[in-house]
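Student: Hi, I have a new structure open and don't know my way around. Can we go through it together?
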Amino acid sequence: MIDNFAQLNGIALAYMGDAAYEVFIRRHLIAQGLTKPKRLQHVATNYVSAKAQAALIDLMETDGLLNETEWDYFKRGRNANSHTHAKNTDVITYRISTGFEAVFGYLSLSDQNDRMKEIADWCIKQVESGNLKHEE
C-alpha cells in the first residue's frame, strides 16, 4: 500500500487508475481470445474510452455501486484541474472519466484489489450487456 495516496491530487489518482482499470480490461479481452493488437485496441475502446467511462459512472450512480468514500475520490478526480483533455470528447465527459479513473487509482493504491475487481467485473458486465448509452 502507498501511504500517501489520500494526499494525491485527482490527476495523479486518475493516472494510476487508468492503468489499473485497463489491466482488467486487457486481461478480460485476452481471456476472450482476442489477440490481434488492432482488434484488441478497437474492442477495448468500448470499455476504456472517456465516453464509456462517463456512461459507466451514470450506471454506477443508478445502481448505487460506489460507497461514499469512492464517490469522494470520484469527485476529487472529476474536479481536478487538468490543462489537457481528450481530442475525441468534450470537457465534461473527460472530467467525468477522470473521476472514474480516480476511483480505480484510490482502490489500487489502497490495496483494495478485491473491491477493484468487483467494480471492474461490474463494468465489463455493463458493457457486454449493452447497457451503456454512450458506447462508441
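Student: Where is L109?
Tutor: L109 sits in helix α5. Keep in mind that this is a predicted model.

Student: Is L109 buried or exposed?
Tutor: L109 is buried, because its relative accessibility is 8% and the cut-off for buried is under 20%.

Student: And what separates L109 from K51?
Tutor: Along the chain, 58 residues. In space, their C-alpha atoms are 24 Å apart.

Student: Next, the core. How many residues does the largest nonpolar core have?
Tutor: The largest nonpolar core has 39 residues. Y21, Y47 and M60 have the most contacts inside it.

Student: Which elements give two or more residues to this core?
Tutor: They are α1, α2, α3, α4, α5 and α6. For orientation, α3 covers 50–63 and α4 covers 68–78.

Student: Why would nonpolar side chains be buried together?
Tutor: That is a general tendency in soluble globular proteins.

Student: What does M60 touch?
Tutor: Leaving out residues up to four places away in sequence, M60 touches L65, L66, W71, F100, I119, W122 and C123.

Student: Rings now. How many aromatic pairs does the structure hold?
Tutor: Five. One of them is Y73 with Y106, and that pair is stacked. The ring centres are 4.0 Å apart, with 10 degrees between the planes.

Student: Where do those two sit?
Tutor: Y73 is in helix α4 and Y106 is in helix α5. They are 33 residues apart, and the pair links distant parts of the chain.

Student: Are they buried or exposed?
Tutor: Y73 counts as buried, at 8% relative accessibility. Y106 also counts as buried, at 9%.

Student: What about F100 and F104?
Tutor: F100 and F104 form a tilted aromatic pair. Their centres are 5.2 Å apart, and the planes are 40 degrees apart. Both residues lie in helix α5, four residues apart, which is about one turn of the helix.

Student: How buried is F100, and how buried is F104?
Tutor: F100 has a relative accessible area of 1%, so it is buried. F104 is buried too, with a value of 1%.

Student: Which residues do ring pairs link into a cluster?
Tutor: Y21, F100 and F104. Y21 came up before, as one of the core residues with the most contacts.

Student: Switching to α2. How many residues does α2 have?
Tutor: α2 has twelve residues. From its first C-alpha to its last it reaches 15 Å, close to the 16 Å expected.

Student: Which residues of α2 are buried?
Tutor: L40, V43, A44, N46, Y47 and V48. They cover an arc of only 165 degrees around the axis, so they are on the same side of α2.

Student: What does the face turned away carry?
Tutor: That face of α2 carries the exposed residues K38 and H42.

Student: And what covers the buried residues of α2?
Tutor: The cover includes α1, α3 and α6.

Student: Then tell me about α6. What is its span?
Tutor: The end C-alpha atoms of α6 are 22 Å apart. That agrees with the 22 Å its 16 residues should span.

Student: Which residues are buried in α6?
Tutor: R115, M116, I119, A120, W122, C123, I124, Q126 and V127. What covers them includes α1, α2, α3, α4 and α5.

Student: What follows α6?
Tutor: G130 does, with a positive phi near 80 degrees.

Student: What is the phi of D111?
Tutor: Positive, about 55 degrees, although D111 is not a glycine. D111 lies in the loop between α5 and α6. At 42% relative accessibility, D111 counts as partly exposed.

Student: Another loop: where is K36?
Tutor: K36 is in the loop between α1 and α2. K36 is exposed, because its relative accessible area is 62% and the cut-off for exposed is over 50%. The C-alpha atoms of K36 and A80 are 35 Å apart, with their places 44 residues apart in sequence.

Student: Last one. What does UniProt list for "active site"?
Tutor: The unreviewed UniProt entry lists D18. D18 is in helix α1. D18 counts as partly exposed, at 32% relative accessibility.

Definitions and conventions. Residues numbered from 1 in each chain as written. Predicted model: local features only at pLDDT ≥ 70, side-chain atom pairs only at ≥ 80, totals over all residues. Heavy atoms only, no water. UniProt positions renumbered as here; feature names shortened; annotations may be inferred. Buried < 20%, exposed > 50% of the residue type's maximum accessible area, 1.4 Å probe, protein only. Core = buried A, V, L, I, M, F, W, Y, C linked by side-chain atoms within 4.5 Å. Contact = heavy atoms within 4.5 Å. Phe/Tyr/Trp six-rings, centres within 6.5 Å; stacked < 30°, edge-to-face > 60°. Expected span 1.5 Å × (residues − 1). Arc of directions from axis to C-beta.
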